[in-house]
Amino acid sequence: MDSRGVVITGLGVVSPIGNDVGEFMESLKQGRSGVCFLQELAELKFSCCIAGTPKNFEKARERHFNERQASLMTEATAYAAVAALDAWRDAGLEIPEPDSPVDWDTGAIIGTGIGDMETIAQRIVPMVNDKKVRRMGSRIVEQVMNSGASAKVSGILGLGAQATANSSACSTGTEAVAEAVWKIRAGLAKRMVVGGTEGPSPYTWSGFDAMKVLPRKFNDRPETASRPMSATAAGFVPGAGAGILILEDEQTALERGARIYAKVAGVHVNCGGQRNGGAMTAPNNQGVRRCIHGALQDAGVQPKDIDSISGHLTATFADPIEVQNWAKALGVAPGDFPLINSVKSMTGHCLGAAGAVESIAAALELHHGFLHPSINCEDIHPEIAPFEEKVVRKYTDYPELQCLAKASFGFGDVNSCLVFTKWNA
C-alpha cells in the first residue's frame, strides 16, 4: 500500500445543474444545461444576460441551517457550507456537536476567485458612503473575508489542522485540491475538506462583461450559450456554485472502511510567469505543458495511461490552444489523443469553484464508469477538427476508465493539473 496515497471519500456540490451529488450526476449524464436568462442582468444593461446559477438553493440550505443561521451567511459561504456538510456525511462521518473536542487531524482549504462582491457592493459601500458605519453590524467582516467559507466550515466541524482560503482566479478550486494533497502527504493532516465557492453577483460578472469575454448573442437561447470546442463559441457563461471534496490519507480511509470514489494520484501547480506569450489574461503555453507534465510525473503515469481529459475549456478563443497544449504535453497524435469533455458546457464557468465542481464530476465518472457529454459542440472548431472523434458529445458508458486528468488555467498565467485514478480495491 502507498503510504502517501490520498483518496476521495466524500463529495458535496451546489451547482447550476444540481444541489446534491445525485442530481448533479444525473444532469451530467443527461447533458442538461443549467444556464438561464437573468432579468436582473438585462435591467442592468449587461450585454450578456445569462448565467449558470444554483436553482432552488433554499431547499438545499434547509438540510443544514434554519432561517436565522442562513441569514448570517453570504451566498458563497452558504454554498460552501451546504456542500461541505453534504460531503462530510457522504464520507460516512458524523457532524459533531458544537462542544465536541477539536479535530486536530482535519483541516479545510476552501478558495474563492473573486470574493463576496455582492455584500460589499450592496451593503458596505452604500453604508460607508451614507455615513452609516455604526449601523453596519458586527458580522460584516466575517461575511466578506475571503476565508469566510473555510472559517465557517471549520467552526461547524471543529477542524484544527488548518482553515484557510486560496485564490488563483479560475485555477482556485483545482489548486485547493493540490494544496490539500500536499498537506496530507506531508503528514500534517489525515483528512482535508477542500474545494472552492463563488457566489452569484452582477458586480462580480460586470468586469467580464466589460472585457467582452461573455457571450452576447445567446440571451434568447441560454441553454445553447456555453459552447466549449465549438466553432461558434462566443465567450464563457458566468456561473456560481461550490464543490467540496473530502480527501483522506489512504490508510486512514481504509482503516475506517470508507467508500472510496477515486485516488488523487498526481498534482502539479505552476505559473507561466507572463512570459513567452503568457500575460495576465493568457497562458504561457510552455507553462501549461510543464504543469501537465508535472502532474503525470507526480502520479507516476505515462501519457498513454490517460484515458480521458476534463478540460478547462471555457468556450473562448483559448479552447483550440488548450487542446493543442494537451496533445503536445502528452506527445500524441490526434488518433491517440484521450477522450475529452467539458463540464462548463452545462454549468457555465463557476470561476473559483469551477475546478472543484469539475473534480467532483471526474471522481463520479471514475467511480461509476462513464463519461458525460460536452454539449453545444456539434460544430467543432476547425482547429480542433483533427481531434473531433475524441470529443465526447454523447453520454458514454466507460467501465474500463482508469485514469483521468483534470486541469484549470486562470488569469495571472496560473495553471494547475490533477491526475485521478480509479480506486481498485
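The lining of the largest cavity breaks down into five nonpolar, nine polar and one charged residues. Please keep in mind, everyone, that we are looking at a predicted model. So who sits around the middle of that cavity? Of its 15 lining residues, Ala76, Thr77, Thr112, Met145 and Asn146 are the closest to the centre. The space inside comes to about 110 Å³. As for where the walls come from, α5 (75-90), β4 (106-111), α7 (140-144) and α8 (148-157) each contribute at least two lining residues. And if you are wondering how many cavities of 30 Å³ or more there are, the count is one.

Let's move on to the pocket. The largest pocket holds about 480 Å³ of space. It has 25 lining residues, and those nearest its centre are Thr281, Thr314, Thr316, Ala318 and Phe411. Three elements give two or more residues to this lining: α10 (202-211), α13 and β13 (403-410). Which of them gives the most? That is α13, with five residues. By class, the pocket lining consists of 15 nonpolar, seven polar and three charged residues.

Since α13 has come up, let's stay with that helix and look at its partner. Helix α12, residues 285-299, and helix α13, residues 318-330, have axes that come within 9 Å and cross at roughly 50 degrees. That angle makes α12 oblique to α13, and the crossing is right-handed. On the α12 side, the residues in contact are Asn285, Val288, Arg289, Ile292, His293 and Leu296, and they meet Ile321, Asn325, Trp326, Lys328, Ala329 and Leu330 of α13. Sorted by class, this contact has seven nonpolar, three polar and two charged residues.

The other pocket helix I'd like to show you is α10, this time with α6. Helix α6 covers residues 117-129, and α6 and α10 pack with their axes 7 Å apart, at an angle of about 110 degrees. Why do we call α6 and α10 roughly perpendicular? Because angles of 65 to 115 degrees count as roughly perpendicular, and the angle between α6 and α10 is about 110 degrees. From α6, the contact uses Met117, Glu118, Ala121 and Gln122, while α10 brings Pro202, Tyr203 and Thr204. In class terms, that gives four nonpolar, two polar and one charged residues.

To pull the threads together: α10 and α13 both appear among the elements lining the largest pocket. In the helix pairs, α10 packs with α6, and α13 crosses α12. Thanks for listening, and I'm happy to go back to any of these on the screen.

Methods
Residues numbered from 1 in each chain as written. Predicted model: local features only at pLDDT ≥ 70, side-chain atom pairs only at ≥ 80, totals over all residues. Heavy atoms only, no water. Axes fitted to C-alpha atoms, helices over the stretch in contact; angles between N-to-C directions. Helix = DSSP H or I, 4+ residues; strand = E, 2+ residues; numbered from the N terminus. Parallel < 35°, antiparallel > 145°, perpendicular 65-115°, else oblique. Left-handed = near helix turned anticlockwise from the far one by under 90°. Contact = heavy atoms within 4.5 Å. Nonpolar A, V, L, I, M, F, W, Y, C, P; charged D, E, K, R; others polar. 1 Å grid on protein atoms, 1.4 Å probe; cavity = no way out; pocket = protein on both sides within 12 Å on 5 of 7 lines; lining within 4 Å. Points joined across faces, edges and corners; volume = space filled by probe spheres on them.
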